Amino acid sequence: MNRLHAVVTQIEGEQNLHIITFDYEGSILKMMGLDLPKGLHVMSHVTLGVKPSHVAIAKNLSGELSYSNQLPAKIVSIENGKLLSNILLHVKGSEVESFLTLGSSMRMNLQVGDDVTLLMKASELFVMEVEGV
């Protein structure tokens with residue numbers, strides 16, 4: 001499980017749907033969820049989680065995407081299996097893991113040291129912990 005430490009900067013809601021905005025090391029991340037975690041408020045320090053299978057990688061990205069969470073990253077290591085590639089990325093002081101199909105990894109010619117863009121859908125990001133609660 002990937003863990004990112006962030007601070008809540010905005011909470012928007014309508015009925016029980018919420019869009020929460022975070023500051024993660026100077027970058028903006030957004031999360032979409034149905035219920036607010038207990039004790040969450042603007043300026044809360046949180047640990048965000050995202051599964052490695054929900055972290056996409058783009059190389060030579062250009063154009064507009066619906067992914068609201070786009071972070072510059074560098075590939076630290078690549079472990080290729082028979083079906084999957086386990087990619088370890090350095091992102092703003094954290095390490096984030098991504099699982100891709102081996103075919104995608106090979107097609108993109110991913111290499112250690114490549115600068116890429118890490119992509120996470122707002123619906124796949126979640127609050128693992130609210131500090132002090």
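The following legends describe close-up views of a predicted model.

**View 1. Salt bridge between Asp 114 and Lys 59.**
The side chains of Asp 114 and Lys 59 form a salt bridge with an N to O distance of 3.1 Å. Asp 114 belongs to the loop between helix H1 (102-107) and strand E9 (115-120), while Lys 59 belongs to the loop between strand E5 (56-58) and strand E6 (69-80). The pair thus links distant parts of the chain, 55 residues apart. Asp 114 is buried because its relative accessible area of 16% is under 20%. Lys 59, at 26% relative accessibility, is partly exposed.

**View 2. Salt bridge between Lys 74 and Asp 115.**
Lys 74 and Asp 115 meet through their side chains in a salt bridge of 2.9 Å, N to O. Lys 74 is part of strand E6 and Asp 115 of strand E9, so the pair ties together parts that are 41 residues apart in sequence. Lys 74 is partly exposed, with a relative accessible area of 36%. Asp 115 is exposed because its relative accessible area of 57% is over 50%. The count of salt bridges in the model comes to 2.

**View 3. Phe 22 in the largest nonpolar core.**
The largest nonpolar core has 30 residues, and those that touch the most other members are Phe 22, Leu 29, Val 46, Leu 48, Leu 89, Leu 118 and Met 120. Phe 22 is located in strand E2 (residues 17-24) and is buried, with 0% relative accessibility. Neighbours within four places in sequence being left aside, Phe 22 is in contact with Ala 6, Val 7, Val 8, Thr 9, Ser 27, Ile 28, Leu 29, Met 31, Val 46, Leu 48 and Val 127. The C-alpha atoms of Phe 22 and Ser 77 are separated by 27 Å, with the two residues 55 apart along the chain. In soluble globular proteins, nonpolar side chains tend to be buried together.

**View 4. Surroundings of Leu 48.**
Leu 48 is among the core residues that touch the most other members. When residues within four places in sequence are left aside, the contacts of Leu 48 include Asn 2, Arg 3, Leu 4 and Ala 6. Phe 22 and Leu 29 are also in contact with Leu 48. Further contacts of Leu 48 are made with Leu 125, Phe 126, Val 127 and Met 128.

**View 5. Glu 124 and Leu 125 in the loop between E9 and E10.**
Glu 124 lies in the loop between E9 and E10, as does Leu 125. Glu 124 is partly exposed at a relative accessible area of 25%, whereas Leu 125 is buried at 3%. Residues up to four places away in sequence not being counted, Glu 124 touches Gly 49, Val 50 and His 54. On the same basis, with neighbours within four places left aside, Leu 125 is in contact with Leu 29, Lys 30, Met 31, Leu 48, Gly 49, Val 50, Asn 69 and Met 120. The C-alpha atoms of Glu 124 and Arg 107, 17 residues apart along the chain, are separated by 25 Å. For Leu 125 and Leu 34, 91 residues apart along the chain, the C-alpha separation is 12 Å.

**View 6. Nonpolar surface patch of Met 1, Phe 126 and Met 128.**
Met 1, Phe 126 and Met 128 make a nonpolar surface patch of about 260 Å². Met 128 is situated in strand E10 (residues 126-130). Met 128 has a relative accessible area of 31% and is partly exposed; this value qualifies for a patch because patch residues have over 30% relative accessible area. Residues 64-129 are covered by the annotation "domain: Mop" in an unreviewed UniProt entry. The end C-alpha atoms of this span lie 32 Å apart, and the span is 9% helix and 58% strand.

**View 7. Positive phi values at Gln 15 and Met 43.**
Gln 15, a residue other than glycine, has a positive phi near 55°. Gln 15 is placed in the loop between strand E1 (2-14) and E2 and is exposed, with a relative accessible area of 79%. Met 43, also not a glycine, has a positive phi near 85°. The loop between strand E3 (27-33) and strand E4 (45-50) contains Met 43, which is exposed at a relative accessible area of 56%.

Key. Residues numbered from 1 in each chain as written. Predicted model: local features only at pLDDT ≥ 70, side-chain atom pairs only at ≥ 80, totals over all residues. Heavy atoms only, no water. Patch = residues over 30% accessible without salt bridge, like charges linked within 9 Å, V, L, I, M, F, W, Y side chains within 5 Å. Areas by Shrake-Rupley, 256 points an atom, 1.4 Å probe, with all protein chains shown as cover. Salt bridge = Lys/Arg side-chain N within 4 Å of Asp/Glu carboxyl O. Helix = DSSP H or I, 4+ residues; strand = E, 2+ residues; numbered from the N terminus. Buried < 20%, exposed > 50% of the residue type's maximum accessible area, 1.4 Å probe, protein only. UniProt positions renumbered as here; feature names shortened; annotations may be inferred. Core = buried A, V, L, I, M, F, W, Y, C linked by side-chain atoms within 4.5 Å. Contact = heavy atoms within 4.5 Å.
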